[in-house]
Amino acid sequence: MRKSLVLLQLFFICPLIAFAQKENPAPVNQLVVIANNPGPLISKDIYGHFSEHLGRCIYGGIWVGTDSKIPNTYGIRNDVLFALREIKIPNLRWPGGCFADTYHWKDGIGPQANRASIVNTHWGGVTEDNSFGTHEFMKLTELVGCDAYINGNVGSGTVREMAEWVEYLTSDAESPMTRLRKVNGREEPWKVKYFAIGNENWGCGGNMTAEFYSGVMRQFSTYLNNYAGNMLYRVACGPYDYNYAWTETLMKDPDNSARFQGISIHYYSLVDGWNNKGSATLFGEREWFRTMSANLQMDEIIKGHKAIMDRYDPRKTKGLVVDEWGNWFNVEPGTNPGFLYQQNTLRDALTAAIHLNIFNKHADRVQVANLAQMVNVLQSVILTDDDKMVLTPTYHVFRMFRIHQGAKLLNTDLRCEDYQFGEGKIPAISASASVDTEAKVHISLANLNPNKEITLICPVIGDTFNNVTGEILTAGEMTAFNNFEKPEAVKPAPFKAYKLKDGILTVSMPPKSVVVLELKK
Ligand code: AHR
């Protein structure tokens, strides 16, 4: 019945658009939004973040210690805390990344003065004094109001060590681990939502083959118990980008796949490969175009892994966990190459919008995603320098898109012109739409073309809306960024370049912009 109504409406609207096309030979860019037939829930955890013991992410970026002159709560800087609350971060992954498979959690508990100092072998060879450990991380999640996503150590850890960590964190029984936790000042168990069984075990996490990891994962997982009503969502280490064989190996054996609820994938967007990542701020249209093209690959990658998962798990009981994504550029000149510190421009804002739209559209399978990384590392949402803090263009996109968290995906049909550069072309528009629990519809859009305003005709079918508001993020230059001297060079502004008439929304999107529209009755 609903379907036929939609078809009927399409029948009336398409001729209108065809007529417009005839009158105006310029390409008609059209996004049909079906507002009355919502699809799957967009997991709020698609909007997750990642904090590794890497460079100045934890130390300086989040943790300054209780004795710091920087205003803090239990050693966690207040400015960062408030900024994170504002974007409603749903989950935070920790302690790595590659660091996770070198991390021995017992080094990071107990009185801080007694904690072992170790060398962070992956990231700059710096001393890690373990002053930020399990209790500090769990306090951070409590203060932010997000769920914990802990990444266990498979590469250099033991089954016992991982099992005891879960027990220490979540058990309420009488046991050596819960006694230890209480001695360290925490009576009640915590809740831990996500727990990963290793990180990049095909590389820094032990250089394993898929078959070998599959068996190891099965062994480790056996001892990760659910205590005191805490139901762990176990994340098996998945592949990098297009390595479908790894996913197939994990999925095909039902005894293996019974041991995890989600499978991770990592994918970073690179301008010219790992040896030529380019500057985060000094770039031209070629690099802009190549970044957008690399970002769009995420859709292909997800489709490929989804197809394998659909074969073995047609009821979609297992999730895809994209727990590392983002742009990876060269470090800023003069900074430690092992710290991965990069600036963040309007280009990164477009990257965030493209990815979040892709994740929304794969809401049936993508359950979790984590931007790499949260503060001062790679495509951060926040940069700090001593007591100063700045919000990046990527931060603003996360704030604008937070309205999709926990909403239901709406079916959309996008027809749009290409953005052409040299021999290459990509679709000029990225889009997704959702309906929230208050029946408000949100449409998030990005115009990838840095040179051209695009008018998008947007028939909203199946429901009637009278009230539209919008917000836009753009800047004069594609290389615009926020720094400590000019923290608001790129910031969102109210958006008014739309018209709503007879259920058809017409939106004029400036070049290189991100727009979010809210439709109310
Ligand atoms: O995010 C930086 C690193 O990239 C992570 O430690 C690792 O998992 C990935 O290769």
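Helices (H or I, at least four residues) and strands (E, at least two) are DSSP runs, numbered from the N terminus. This is a predicted model, in which local features need pLDDT of at least 70, side-chain atom pairs count only at pLDDT 80 or more, and totals for chains, interfaces and linings use all residues. Residues are numbered from 1 along each chain as its sequence is written, and side-chain values use heavy atoms, with hydrogens and water left out.

**Exercise 1.** Find the cis peptide bonds next to Pro 95 and Gly 97, and place both residues.

Solution.
- Step 1: Go to the loop between strand S5 (91-94) and strand S6 (118-120), where Pro 95 is found.
- Step 2: Check the bond from Trp 94 to Pro 95; it is cis, with omega near 5°.
- Step 3: Gly 97 also has its place in the loop between S5 and S6.
- Step 4: The peptide bond from Gly 96 to Gly 97 is cis, with omega near 15°.

**Exercise 2.** Which residues come nearest to the ligand, and which polar side-chain atom lies 3.0 Å from an oxygen atom of the ligand?

Solution.
- Step 1: Take the 14 residues around the ligand (a heavy atom within 4 Å of it). Glu 52, Cys 98, Glu 200, Tyr 268 and Glu 324 come nearest.
- Step 2: Look for polar contacts, here pairs of N or O atoms within 3.5 Å. A polar backbone atom of Cys 98 is 2.8 Å from a ligand oxygen.
- Step 3: Turn to the side chains. Asn 199 has a polar side-chain atom 3.1 Å from an oxygen atom of the ligand, and for Gln 373 the distance is 3.0 Å.

**Exercise 3.** Are Lys 88 and Asn 376 buried, partly exposed or exposed?

Solution.
- Step 1: Apply the cut-offs: buried means under 20% relative accessible area, exposed over 50%, and partly exposed in between (1.4 Å probe, protein chains only).
- Step 2: Lys 88 lies in the loop between helix H2 (78-86) and S5; its phi is near 55°, positive in a residue other than glycine. With a relative accessible area of 46%, Lys 88 is partly exposed.
- Step 3: Asn 376 is in the loop between strand S13 (366-371) and strand S14 (382-385), and its phi is near 65°, a positive value in a residue other than glycine. At 1% relative accessible area, Asn 376 is buried.

**Exercise 4.** How many residues of helix H3 (residues 134-144) are buried?

Solution.
- Step 1: List the buried residues, including His 135, Glu 136, Phe 137 and Val 144.
- Step 2: The count is 9 of 11, so H3 is mostly covered.
- Step 3: Just after H3, Gly 145 takes a positive phi of about 85°.

Methods. A polar contact is a pair of N or O atoms within 3.5 Å; within protein, one must be able to donate a hydrogen and the other to accept it, and residues adjacent in sequence count only if both atoms are side-chain atoms.
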